[in-house]
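Please open the structure in your viewer and keep the selection tool at hand, since each stop below tells you what to select next and what is there.

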Amino acid sequence: MSDSIHGHQVMELMLSLGRAVSKSELTELMHQAFGEQARYHTCSASEMDAQELIAFLEHKGKFTESAEGIATAADRICNH
């Protein structure tokens, strides 16, 4: 496994669920998939933990919020 996980992989994990999740559930899913000590990066940021990445992606408008939690869409993942 890579030393740093790209945020796109987290968004793809969310897409695979097919439903919205709470931020705490997403954090737990990230820990299960990538390890509790995983570090995350994006095209413009690095060295984030799970909660920092979630906040970063939220700030960038990568999530939609509903009563069920947060979700993402394939068109929110950049292609570079």
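Select F34 and Y40 to begin, and you will find that both of these residues are buried in what is a predicted model. A pair of aromatic rings is described by the distance of the centres and the angle of the planes. The count of aromatic pairs comes to one, and it is formed by F34 and Y40, whose rings meet edge-to-face, with 6.1 Å centre to centre and 80° between the planes.

Next, show helix α1, residues 7–17, together with helix α2, residues 23–34, which pack at an angle of about 110° with their axes 11 Å apart. Because angles of 65 to 115 degrees count as roughly perpendicular, α1 is described as roughly perpendicular to α2. To see where the two helices touch, select Q9, V10, L13, M14 and L17 on the side of α1, and L26, L29, M30, A33 and F34 on the side of α2. The residues of this contact divide into nine nonpolar and one polar, with no charged residue.

Stay with α1 and colour G7, H8, V10, M11, L13 and M14, which are buried in this helix. The elements that cover the buried residues of α1 include β1 (4–6), α2, β2, α3 and β4. Just after α1, select G18, which takes a positive phi of about 70°.

Now move along α2 and compare two of its residues, beginning with E25, which is found in this helix. E25 has a relative accessibility of 28%, and therefore counts as partly exposed. If you draw a line from E25 to G7, C-alpha to C-alpha, the two are 16 Å apart in space and 18 residues apart in sequence. T27 is also found in helix α2, but at 11% relative accessibility T27 counts as buried. Leaving aside the neighbours within four places in sequence, T27 is in contact with A50, Q51 and I54.

Those contacts lead on to helix α3, residues 50–59, where A50, L53, I54 and L57 are buried. Which side of α3 do these buried residues take? They cover an arc of only 100° around the axis, so they lie on the same side of α3. An α-helix has 3.6 residues a turn, so residues three or four places apart point the same way. Show the surroundings as well, and you will see that the buried residues of α3 pack against α1, α2, β2 (39–41) and β4 (69–71). Then turn the view to the face of α3 that points away from its buried side, which carries the exposed residues Q51 and H59.

From α3, step back to the loop between β2 and α3, and select E47, which has its place there. Most residues other than glycine have a negative phi, and most peptide bonds are trans. E47, although it is not a glycine, has a positive phi near 55°. With a relative accessible area of 54%, E47 is exposed.

For the last stop, select K62, in the loop between α3 and β3 (64–66). Leaving aside its neighbours within four places in sequence, K62 is in contact with M11, L57, A71, T72, R76 and C78. Add A73 to the selection and compare the C-alpha atoms, which for K62 and A73 are separated by 7.9 Å, while the two residues are 11 residues apart along the chain.

Note on methods: Residues numbered from 1 in each chain as written. Predicted model: local features only at pLDDT ≥ 70, side-chain atom pairs only at ≥ 80, totals over all residues. Heavy atoms only, no water. Phe/Tyr/Trp six-rings, centres within 6.5 Å; stacked < 30°, edge-to-face > 60°. Buried < 20%, exposed > 50% of the residue type's maximum accessible area, 1.4 Å probe, protein only. Axes fitted to C-alpha atoms, helices over the stretch in contact; angles between N-to-C directions. Helix = DSSP H or I, 4+ residues; strand = E, 2+ residues; numbered from the N terminus. Parallel < 35°, antiparallel > 145°, perpendicular 65-115°, else oblique. Contact = heavy atoms within 4.5 Å. Nonpolar A, V, L, I, M, F, W, Y, C, P; charged D, E, K, R; others polar. Arc of directions from axis to C-beta.
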